Amino acid sequence: MATQNLIDITKLSPKFQDLYAKAKDFVENDCIPAEKTYELQMGQNEDRWKVIPPVLEELKAKARSLGLWNLFLGKDYAEGAGLTNVEYGLIAELTGRCPKLAPEAMNCSAPDTGNMEVFAKYGTPAQKEKWLKPLLDGKIRSAFAMTEPKVASSDATNIETNIRRVGNEYIINGLKWWISGAGDPRCAVYLVMGKTDPDNSNKHRQQSLVIVPADTPGITVVRP
C-alpha cells in the first residue's frame, strides 16, 4: 500500500531534505534487504541475547559515513544533528519501515535515545564524558529501569524500588522487569527510577533517577 506524507518536505530545511533522501535510500536499499541475513545471524533462544550480528555493524558503519547518525538529538543540543521534532519525526517514519535494523543502525533506537537525551540535558561534564560520549559513538548500550512486576508502573508514582543515600553512595533495593536492553551484552549503564523521598506529600516528587553502572555489585539479571 502506498503511503503519502502529509507534510511537504520541500518546504523544510535543505539539510533535512538531504538527510531524508539519504535515509530513505539507506532504509530501502540497505536495511530492508539485510533483514534475512540479520535473522540468520541473530541465533536462537537464549543465544540471541549474546550475538551482535555482523550485518548490523556493517550497516552502522555505512550510516555513520552517510551522516545518518544520532539524528534524534534535536537542535537544542550541541551533540545533535540540528533537526526539528517534525523533521526527525519524518526520519523516524522511514526507520520504522525496518524496525529491527534501521533505528539501531543509525544509533536512533530506544532505550538509548531517551537515555542519551537525559544525559545531554541533565548530565554533568563527567557523566557526559563517561556515558553520553560512548553512547553517541555507539560503543555501548544502555537500559532504562522503571517498570516493576507488582505495580502498574506506567504511572511512575506507583513504583516501589527504594533508593537510600548512605554517605556518598546509594543503596538500591527493588525488582524491575521488561527492561529493554538489559540483556544486551553491550549494556554498560542503567538509569534506574526509584523512590528517594517516599514520605513527600507530593507523590510526584518522591522519585529520582540514578545512574547505575551495569557491573555494579548486587545487580542480578535473572533472565533476558
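This is a conversation between a trainee and a mentor about a predicted model.

Trainee: How many aromatic pairs does a search of the whole structure find?

Mentor: The search finds two. In one of them, the ring centres of Phe16 and Tyr20 are 5.5 Å apart and the planes stand at 45°.

Trainee: Why is the pair of Phe16 and Tyr20 called tilted?

Mentor: Let's set the values against the cut-offs. Ring centres must lie within 6.5 Å to pair, planes under 30 degrees apart count as stacked, and those over 60 count as edge-to-face. The centres here are 5.5 Å apart and the angle is 45°, so Phe16 and Tyr20 make a tilted pair.

Trainee: What separates Phe16 and Tyr20 along helix α1?

Mentor: About one helical turn, because the two residues are four apart in helix α1, which covers residues 14–31. Both Phe16 and Tyr20 are buried, too.

Trainee: What makes Trp177 and Trp178 a tilted pair?

Mentor: Try the same test. Their rings are 5.7 Å apart, centre to centre, with 50° between the planes. That distance is within 6.5 Å and the angle is neither under 30 nor over 60 degrees, so tilted is the right word.

Trainee: Why is Trp178 called exposed, but Trp177 partly exposed?

Mentor: Exposed means over 50% relative accessible area, and buried means under 20%. Trp178 has 67%, so Trp178 is exposed. Trp177 has 34%, which falls between the two cut-offs, so Trp177 is partly exposed.

Trainee: Where does Trp178 lie, and what is its phi?

Mentor: Trp178 lies in the loop between β3 (169–173) and β4 (187–195). Its phi is positive, about 55°, although Trp178 is not a glycine. Asn107 also has a positive phi, near 55°, and is not a glycine either. Asn107 is found in the loop between α5 and α6.

Trainee: How do you know whether Asn107 is buried or exposed?

Mentor: Its relative accessibility is 8%, which is under 20%, so Asn107 counts as buried. The loop between α5 and α6 also holds Pro111. A cis peptide bond joins Ala110 and Pro111, with omega at about 0°.

Trainee: What makes Pro103 buried?

Mentor: Pro103 has a relative accessible area of 12%, and that is under 20%, so Pro103 is buried. Pro103 sits in helix α5 (residues 102–105). Leaving out residues up to four places away in sequence, Pro103 touches Thr95, Cys98, Cys108 and Ser109.

Trainee: And why does Lys24 count as partly exposed?

Mentor: At 33% relative accessibility, Lys24 is neither under 20% nor over 50%, so partly exposed fits. Lys24 belongs to helix α1. Setting aside residues up to four places away in sequence, Lys24 touches Leu94 and Arg97. The C-alpha atoms of Lys24 and Arg97 are 9.8 Å apart, although 73 residues separate them along the chain.

Trainee: How do helix α6 and helix α7 cross?

Mentor: The axes of α6 (residues 112–122) and α7 (residues 125–136) come within 10 Å and cross at roughly 145°. The crossing of α6 past α7 is left-handed. Residues making the contact include Met116 and Phe119 of α6 and Trp131 and Leu135 of α7.

Trainee: Which classes of residue make up the contact of α6 with α7?

Mentor: There are eight nonpolar, one polar and two charged residues. Asp112 of α6 is one of the contact residues, and Asp counts as charged.

How values were computed. Residues are numbered from 1 along each chain as its sequence is written. This is a predicted model: local features need pLDDT of at least 70, side-chain atom pairs count only at pLDDT 80 or more; totals for chains, interfaces and linings use all residues. Side-chain values use heavy atoms; hydrogens and water are left out. Rings of Phe, Tyr and Trp (its six-membered ring) pair if their centres lie within 6.5 Å; planes under 30 degrees apart count as stacked, over 60 as edge-to-face and the rest as tilted. Buried means under 20% relative accessible area, exposed over 50%, partly exposed in between (1.4 Å probe, protein chains only). Axes are lines fitted to C-alpha atoms, for helices over the stretch in contact, and angles run from 0 to 180 degrees between N-to-C directions. A crossing is left-handed if the near helix is turned anticlockwise from the far one by less than a right angle, and right-handed if clockwise. Contact means heavy atoms within 4.5 Å.
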